[in-house]
Amino acid sequence: MTAFPDVSPIAYEGPESDNPLAFRWYNPEEVILGKTMRDHLRFSVVYWHTFRGTGADPFGAPTLQRPWDDGSDSVENAQRRVRVAFELMEKLGAPYFALHDRDIAPEGATLAEANRHLDAVVPVIQEEMQRTGIKLLWGTANLFSHPRYVHGAATSCDADVFAYAASQVKKCMDVTVALGGENYLFWGGREGYQNLWNTDMKRELDHLARLLHLAVDYGKQIGFTGKFFIEPKPKEPTKHQYDSDAAACINFLRAYDLTEPFRLNIETNHATLAGHEMMHELEYAGMQGMLGSIDANTGDLLLGWDTDQFPTNVYLTTQIMLTILKWGGFRTGGVNFDAKVRRESFEPIDLFYAHVGGMDAFAFGLRVAAAMIEDGKLGEFIKNRYRSWDSGIGAQIENGSIDLPALEQYMLEKGEVDALASGRQEYLENVVNDYILRTARR
Ligand code: XUL
Ligand code: CO
């Protein structure tokens, strides 16, 4: 069976290609800054949007044509979907994928039944992973779709809901380990609140931390050696998500002694919803040593919700790759396309256009970022801007060898600060455009 008979494996054809199903910039074997593009980017396809998305929205019915999917909740349908998923990922040359437990197998009437469904699908995934060499970037439990999670999962007011969520996490960690998953993720889908009149925030956050500690402890028991991720998002579905942005997540992890096992998975559209640029979120996580992975997508600035569009903006991907390289590149993380084709793009082939475009946009961004780093002009500018800290009074302040009276004495003698230099923002934005345009012309 083939779901995409007309699609051959996507090949690198270079910038001059006009084949819509070829890479212009992503050349997996090409070495950039000492590493292959494949190893820099570690592309990952998500099971949920790509194989479970239907195109339904609050105003309309499903639109996406998925001829291999009979729309049923049967285990056979789930197993067939696995074969299609691996055909797509193999043809894309994506080395990784990511999943929720409920993406790969149907929910059950009881926890035991849901677990049995997983046990029936996981061997098919294992078989396809072996056949293709594609690996699992991370697994996560869906603790937000089922009505039992209406008041939250770990942060529910009902202790049985916590117990159910914890059981789901346990099983999903078992599945992740069985599939050799490199990380395990928590996105706090309904971990937040709508109204403080009915909410004990302190107790809810204590419970959230309790679940994460239970997962870390269980990971040790079952030999999970990967990283745990949490994924910041400020709103949607709840008005106030607890994991609202990188700074809030890091503060939470630090407050509950979880910074060692955890890193952040930063998503572009979530950064936008938090009122930050993606580059800001990455820089903040990076400087704290907490940058783990990214969910690659983009929002629409004219829409205030999580549209999860595929990223095509090379200015954005340049900023992302520059910041990721700055903080040492991906270790266990990768570029995970948490993105969906829009409901108007309903043919199966649109899944290929979307991923090829996203992969190429990131490959292009990597090339620009590498040029910026190799040339060093931008780095030099920042270094030079802070040169007053490298010696004299600046160095004394930084190394803590001067107190307030001594600082006052210094300034009393000097009288006023020396002339300041321009921030040169427009000049620098022009330099960035030069790097992008030169990379495109190369
Ligand atoms: C939701 C979101 C999730 C997580 C995994 O906005 O990004 O798909 O990435 O639960
Ligand atoms: Co995400």
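Arg42 sits in the loop that runs between helix H1 (37–41) and strand E5 (43–46), and in this predicted model its phi is near 45°, a positive value in a residue other than glycine. With a relative accessible area of 12%, Arg42 is buried, because the limit for that class is under 20%. The points below take up further backbone features, then the surroundings of ligand 1, and finally some pairs of residues with their separations along the chain and in space.

**Backbone geometry**

- Most residues other than glycine have a negative phi, and most peptide bonds are trans.
- Arg424 is not a glycine, yet has a positive phi of about 55°, and its place is in the loop that joins helix H15 (404–414) to helix H16 (425–441).
- Arg424 has a relative accessible area of 44% and is therefore partly exposed, since that class lies between the limits of 20% and 50%, whereas Arg42, at 12%, is buried.
- The peptide bond that leads from Glu236 to Pro237 is cis, with omega near 10°, and Pro237 belongs to the loop between strand E10 (227–230) and strand E11 (240–241).

**Ligand 1 and its surroundings**

- The space that ligand 1 takes up is the largest pocket, and the residues around ligand 1 are Trp48, His100, Trp138, Leu185, Trp187, Glu231, Lys233, Glu267, His270, Asp295, Asp306 and Asp338.
- By residue class, this shell around ligand 1 consists of four nonpolar, two polar and six charged residues.
- The side chain of Glu267 places a polar atom 2.8 Å from an oxygen atom of ligand 1, while for His270 an N or O atom of the side chain is 2.9 Å from an oxygen atom of the ligand.
- For Trp48, the corresponding distance between an N or O atom of the side chain and an oxygen atom of ligand 1 is 3.2 Å.
- Of the 290 Å² of accessible area that ligand 1 has on its own, the protein covers 94%.

**His270 and Glu267**

- Which side chain does the side chain of His270 meet in a polar contact of 3.0 Å? The partner is the side chain of Glu267, and both residues are listed among those around ligand 1.
- His270 is part of helix H9, which spans residues 268–273, and with a relative accessibility of 3% His270 counts as buried, because this value is under the 20% limit.

**Separation along the chain and in space**

- Ala22 lies in strand E2, made up of residues 22–23, and counts as buried at 1% relative accessibility; its C-alpha atom is separated by 5.3 Å from that of Ile10, with the two residues 12 apart along the chain.
- Ala339 is located in the loop between strand E14 (335–337) and helix H12 (349–375), where it is buried with a relative accessible area of 0%.
- The C-alpha atom of Ala339 is 8.8 Å from the C-alpha atom of Ala354, a residue 15 positions away along the chain.
- Thr318 lies in helix H11, which covers residues 314–326, and is buried with a relative accessible area of 3%.
- How far apart in space are Thr318 and Leu412, C-alpha to C-alpha? The distance is 45 Å, for two residues that are 94 residues apart in sequence.

Note on methods:
Residues are numbered from 1 along each chain as its sequence is written. Chains are lettered from A and ligands numbered from 1 in the order in which they are written. This is a predicted model: local features need pLDDT of at least 70, side-chain atom pairs count only at pLDDT 80 or more; totals for chains, interfaces and linings use all residues. Side-chain values use heavy atoms; hydrogens and water are left out. A residue is near a molecule or strand if one of its heavy atoms lies within 4 Å of it. A polar contact is a pair of N or O atoms within 3.5 Å; within protein, one must be able to donate a hydrogen and the other to accept it, and residues adjacent in sequence count only if both atoms are side-chain atoms. Accessible areas come from the Shrake-Rupley method with a 1.4 Å probe; for residues, only the protein chains shown count as cover. On a 1 Å grid over the protein atoms alone, a cavity is a set of points where a 1.4 Å probe fits but cannot get out, and a pocket is an open set with protein on both sides within 12 Å along at least five of seven lines; lining residues have an atom within 4 Å of a point. A molecule sits in a cavity or pocket if more than half of its atoms lie within 2 Å of its grid points. Ala, Val, Leu, Ile, Met, Phe, Trp, Tyr, Cys and Pro count as nonpolar, Asp, Glu, Lys and Arg as charged, and the others, Gly among them, as polar. Helices (H or I, at least four residues) and strands (E, at least two) are DSSP runs, numbered from the N terminus. Buried means under 20% relative accessible area, exposed over 50%, partly exposed in between (1.4 Å probe, protein chains only).
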